[in-house]
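User: Please take a close look at one part of this model, the open sheet and what packs on it, and then add a short account of a single serine elsewhere in the chain.

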Amino acid sequence: MASSVTFRVSPYLVLNSHLRPRCRVQARSSVGGDSTVSSSPELAVSNGAPPVEEREKLGPLTGGNGHAVSKNEVVEKEEVEKEVKESLEVLWDDAYGTKSVKDYLECARDMIRPDGGPPRWFCPVECGQPSNDSPVLLFLPGLDGTGLGLILHHKALGRAFEVRCLHIPVYDRTPFEDLVTFVEKTVKAEYASSPRKPIYLVGDSFGGCLALAVAARNSSIDLVVLLSNPATSFGRSQLQPLLPLLEAMPDGLHFTVPYLLSFVMGDPVKMATVNIDNMLPPRVALEQLSVNLTSLLPRLSGLADIVPRETLLWKLKLLKSAASYANSRLHAVKAEVLLLASGKDNMLPSQDEAQRLTNSLKNCRVRHFKDNGHTLLLEDGINLLTVIKGTHTYRRRRRHDYVLDFLPPSMSEYKIAFNQVVGLLRNASSSVFFSTLEDGKIVRGLSGIPSEGPVLLVGYHMLMGLELYPLVDEFLREKNIIVRGIAHPELFSEKMENSSSEFNLLDWVKVFGAVPVSGGNLFKLFSTKSHILLYPGGAREALHYKGEEYKLFWPDQPEFVRMAARFGATIVPFGTVGEDDITNLVLDYNDLMKIPFVNDYIRESSRDAIQVREGMSGEVANEALYIPGILPRIPGRFYYLFGKPIETRGRYESLKDRQNANELYSQVKSGVESCIAYLRKKREEDPYRNLFDRTVHRALHSPLHEIPAFEP
């Protein structure tokens with residue numbers, strides 16, 4: 001029977017107005033029965049599955065391009081253009097680092113006041129309005145039950161997802177199976193509304209058990225499950241002895257529990273460093289850390305209100321039943337699972353559990369964070385949206401689309417990637433860029449490269465692709481353009497995954513837009529007017545042998561010119577030099593093949609690898625994948641020269657003739673060789689080619705990108 005209940009709503013929380021009726025919400029509690037909830041026009045809370053609105057269904061993707069692109073890979077131009085208009089801007093503000101665990105504790109204080117209500121969903125204000133066609137993300141909380149565990153990630157996730165968080169009130173005693181039913185109702189309602197879109201379940205600790213249980217019971221629904229230190233390992237947890245201790249503890253000593261829990265659940269230092277800029281001088285960073293810790297520790301007493309003694313006892317018993325329920329149904333989970341495991345989790349054996357779940361689940365990938373504690377999502381060093389993007393877990397459809405599902409990097413991702421991840425290479429190489437204007441004049445910078453796409457950058461691949469990172473960095477810094485690199489598909493294969501994987505450089509390459517080579521992906525990139533980075537020499541060029549530096553290994557046939565002309569793309573040949581100034585190739589393919597066991601490993605890896613040049617002849621067809629032996633040199637400098645842009649607009653019909661296509665292909669290749677020859681000669685005139693001279697100049701005069709070079 002319906003009954004009227006009133007909820008006190010935190011000012012931090014609001015439901016997106018387009019998802020719910022503004023003044024009245026039909027709510028469904030977790031224990032059955034409907035209730036009508038009154039709210040103001042600005043604030044609304046729903047404690048059940050949302051009303052379902054009919055949404056427009058997209059038609060099938062059709063089209064054709066007349067090249068080696070399958071029918072299923074082609075996208076209609078109108079839909080591609082629609083995706084471009086609705087996409088995020090490059091280097092957008094994701095607000096990561098502006099919130100910390102202090103904000104979590106303050107917001108939780110408003111959330112936990114007794115209201116008599118059952119579990120419910122809420123949408124954080126910071127999430128804002130999601131972009132069109134965004135999938136739904138349901139956050140399932142840990143022991144605290146507040147639903148605020150994503151507070152560091154609200155704004156970022158809100159641009160890519162329709163975020164809803166589950167709030168389980170402090171004095172709620174809903175059994176685990178009823179919680180599963182409650183979440184399941186929402187999942188089924190969302191699926192009925194948008195059957196072609198995935199539904200994301202983010203489960204933190206206890207919420208991980210809840211997510212797995214829902215996934216096991218709904219194997220026919222397209223679910224993506226993200227687990228952060230799931231409590232499925234509760235049977236082996238250090239919390240087990242805590243239960244009898246809490247039952248026997250006098251009421252007067254309960255105030256000590258929050259402080260004990262805080263050090264078991266997470267790393268206070270990691271929590272306190274979230275909003276500290278990693279580029280600050282050490283002394284300033286330590287002062288800021290001291291201030292943050294001083295203000296954080298007194299707030300930890302609030303955990304006693306978030307998880308009072310009776311609630312903690314109930315939650316520990318609930319954890320036990322949740323772990324048992326989820327573990328007994330792992331075999332039924334067919335959803336895509338991404339598991340995030342902490343290396344310093346003092347509450348659960350999360351690293352061991354990651355290995356067990358990888359073996360037990362049909363489709364599970366893992367990323368380890370060796371320096372983080374149990375409360376991974378509240379600590380420094382992890383941006384959840386970055387992890388989702390870097391593992392290609394973000395999608396709006398049944399399958400991930402490398403072009404249409406791409407989310408451009410944010411400013412915080414840019415700073416982390418180029419200041420920390422590849423910061424050493426960036427500083428050591430001190431790359432300098434030149435480009436060629438329409439009149440043939442060579443100038444410093446990228447002003448000679450068109451800002452409007454589609455633009456195809458075609459160049460030489462240095463050893464191990466070392467030139468990639470400074471190139472992507474410079475396009476973002478100077479032109480605010482993301483360059484979409486065409487990469488070997490082996491980098492995206494499941495063979496690169498293992499149960500001990502950390503979030504690594506390869507994941508960052510994906511964050512910044514790398515795409516596996518295929519006719520379909522190239523077609524879509526041209527359709528979206530992208531700046532595309534192509535290396536015709538591929539793996540053979542990047543893994544060249546001794547004495548082969550700056551030598552091109554290109555196929556004989558013109559692979560890309562016709563498709564570029566079809567879209568009227570501008571082709572820009574470019575050369576880069578400097579690998580011989582920063583590395584010394586000690587062991588190449590020929591050397592390694594003389595070493596027992598190593599040669600067997602290389603043969604086996606190459607035999608099992610995806611063959612991009614299959615059926616071709618010549619050196620370019622030799623795609624042996626291996627890691628060469630290299631030693632660093634006292635760094636010289638990387639130099640880039642982009643040649644005169646070549647327009648293809650209006651040339652598509654003429655390029656259908658093989659001879660014309662070959663002539664354009666030869667022109668591009670000749671342009672790359674000319675750029676390399678020019679740079680090898682002119683770098684001898686650079687007074688700052690030496691690392692020591694650049695370091696002194698940088699300390700006294702100018703930032704990294706303004707250090708002088710030779711005059712073009």
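Analyst:
**The open sheet**

In this predicted model, seven strands come together in an open sheet whose order is S4-S6-S5-S7-S8-S9-S10, and the pairing among them is mixed. The edges are formed by strand S4 (120-122) and strand S10 (364-369), each of which pairs on one side only. From one strand to the next, the twist averages 20 degrees.

At the S10 edge, the partner strand is S9, made of residues 336-342, and S9 and S10 run in the parallel sense, paired over six bridges. Within this pairing, Val337 stands opposite Cys364, a residue of S10. Packed on the sheet is helix H5, residues 206-217, which touches strand S5 (136-140), strand S6 (162-167), strand S7 (199-204) and strand S8 (223-228). The direction of helix H5 makes about 145 degrees with that of S7.

**The serine**

Turning to the serine, Ser429 belongs to helix H15, which spans residues 423-429. Ser429 has a relative accessible area of 1%, and because the cut-off for a buried residue is under 20%, Ser429 counts as buried. A polar atom of the Ser429 side chain lies 2.8 Å from the backbone oxygen of Leu425. Leaving aside residues up to four places away in sequence, Ser429 touches Pro470, Ile582, Gly636, Arg637, Phe638 and Arg694.

Key
Residues numbered from 1 in each chain as written. Predicted model: local features only at pLDDT ≥ 70, side-chain atom pairs only at ≥ 80, totals over all residues. Heavy atoms only, no water. Pairing = 2+ DSSP bridges. Helix = DSSP H or I, 4+ residues; strand = E, 2+ residues; numbered from the N terminus. Axes fitted to C-alpha atoms, helices over the stretch in contact; angles between N-to-C directions. Contact = heavy atoms within 4.5 Å. Buried < 20%, exposed > 50% of the residue type's maximum accessible area, 1.4 Å probe, protein only. Polar contact = N/O pair within 3.5 Å; in protein donor to acceptor, adjacent residues only side chain to side chain.
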